[in-house]
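Subject: Handover of a structure and notes on its contents

Dear colleague,

Please find below the structure that I am handing over to you. My notes follow it, and I would be grateful if you read them with the coordinates open.

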Amino acid sequence: MMTLKDVPVGEFALIKKVGGKGATKRRIMEMGVTRGTEVMVRKKAPLGDPLQLSLRGFELTIRKADAEKILVEER
């Protein structure tokens, strides 16, 4: 499996597992990033941080460090 950080721009992925601990994991899941959710990587900043995602009908921007904790399966 790969992490969300590794998904190329314009590609879709399916969330398989949200890693991390405590408040960080809870915050990510409260934003709608949960197992089974399909996401598309819309943009990456020039140095790769942050990433802009499309999921559940809205846009979400997350840090690269958080994206590394999310395991995905490429579609």
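In these notes, two residues are in contact when heavy atoms of theirs lie within 4.5 Å. Please bear in mind throughout that this is a predicted model.

Overall architecture

The chain contains two helices and six strands. Read from the N terminus, its elements follow the order β-β-α-β-β-β-α-β. The radius of gyration is 11 Å, close to the 11 Å that the globule rule gives for 75 residues, so the chain is as compact as a globular protein of that length. Along the principal axes, the C-alpha atoms fill a box of roughly 30 × 25 × 25 Å.

Of the 75 residues in the chain, 35% are buried. If one takes the contacts between residues at least 6 apart in sequence, 58% of them join residues at least 24 apart. The chain exposes about 4,500 Å², and carbon and sulfur atoms supply 51% of that area. As for charge, there are 16 positive and 10 negative side chains, and the centres of the two sets lie 6 Å apart.

The sheet

The six strands form an open sheet in the order β1-β6-β2-β3-β4-β5, and the pairing is antiparallel. Its edge strands are β1 (2-3) and β5 (58-62), each of which pairs on one side only. In general, strands of a sheet pair through backbone hydrogen bonds, either parallel or antiparallel.

Going through part of this order, I would point out the following pairings. Strand β2 (residues 12-18) is joined to strand β3 (residues 38-44) by three bridges, and the two run antiparallel. Within this pair, Phe12 has Met40 of β3 as its bridge partner, while Leu14 stands opposite Glu38. Next, β3 and β4 run antiparallel and are joined by five bridges; here Lys43 has Gln52 of β4 as its bridge partner. The hairpin of β3 and β4 has six residues between the strands, and in it Gly48 takes a positive phi near 85°.

Five bridges also connect β4 and β5, again in the antiparallel sense. Gln52 appears in this pairing too, where it stands opposite Thr61 in β5.

Strand β4 and Leu55

How much of β4 is covered? The strand is mostly covered, with four of its five residues buried. Leu55 lies in this strand, which spans residues 51-55. Leu55 counts as buried because its relative accessible area is 2%, and the cut-off for that class is under 20%. Not counting residues up to four places away in sequence, Leu55 touches Gly32, Val33, Thr37, Glu38, Val39 and Leu60. Glu38 is thus named twice in these notes, as a residue touched by Leu55 and as the residue opposite Leu14. By comparison, the C-alpha atoms of Leu55 and Leu71, 16 residues apart along the chain, are separated by 15 Å.

The turn at Arg56 and strand β5

Arg56 is found in the loop between β4 and β5. The hairpin that these strands form has two residues between them. Phi of Arg56 is near 50°, a positive value in a residue other than glycine. Is Arg56 buried or exposed? At 54% relative accessibility, Arg56 counts as exposed, since the exposed class begins over 50%.

Glu59 is placed in strand β5. With a relative accessible area of 41%, Glu59 is partly exposed. Leaving aside neighbours within four places in sequence, Glu59 is in contact with Arg42, Gln52, Leu53 and Ser54. The C-alpha atoms of Glu59 and Arg35, 24 residues apart along the chain, are separated by 18 Å.

Helix α2 and Asp66

Asp66 has its place in helix α2 (residues 64-67). Which residues does Asp66 contact, leaving aside its neighbours within four places in sequence? They are Thr24, Arg27 and Ile28. Asp66 counts as buried because its relative accessibility is 3%, against a cut-off of under 20%.

With kind regards

Methods:
Residues are numbered from 1 along each chain as its sequence is written. This is a predicted model: local features need pLDDT of at least 70, side-chain atom pairs count only at pLDDT 80 or more; totals for chains, interfaces and linings use all residues. Side-chain values use heavy atoms; hydrogens and water are left out. Two strands pair if DSSP finds at least two bridges between them. Buried means under 20% relative accessible area, exposed over 50%, partly exposed in between (1.4 Å probe, protein chains only). The radius of gyration is taken over C-alpha atoms; the globule rule is 2.2 Å times the number of residues to the power 0.38. Accessible areas come from the Shrake-Rupley method with a 1.4 Å probe; for residues, only the protein chains shown count as cover. Lys and Arg count as positive and Asp and Glu as negative; His and the chain ends are not counted. The place of a charge is taken as NZ of Lys, CZ of Arg, CG of Asp or CD of Glu.
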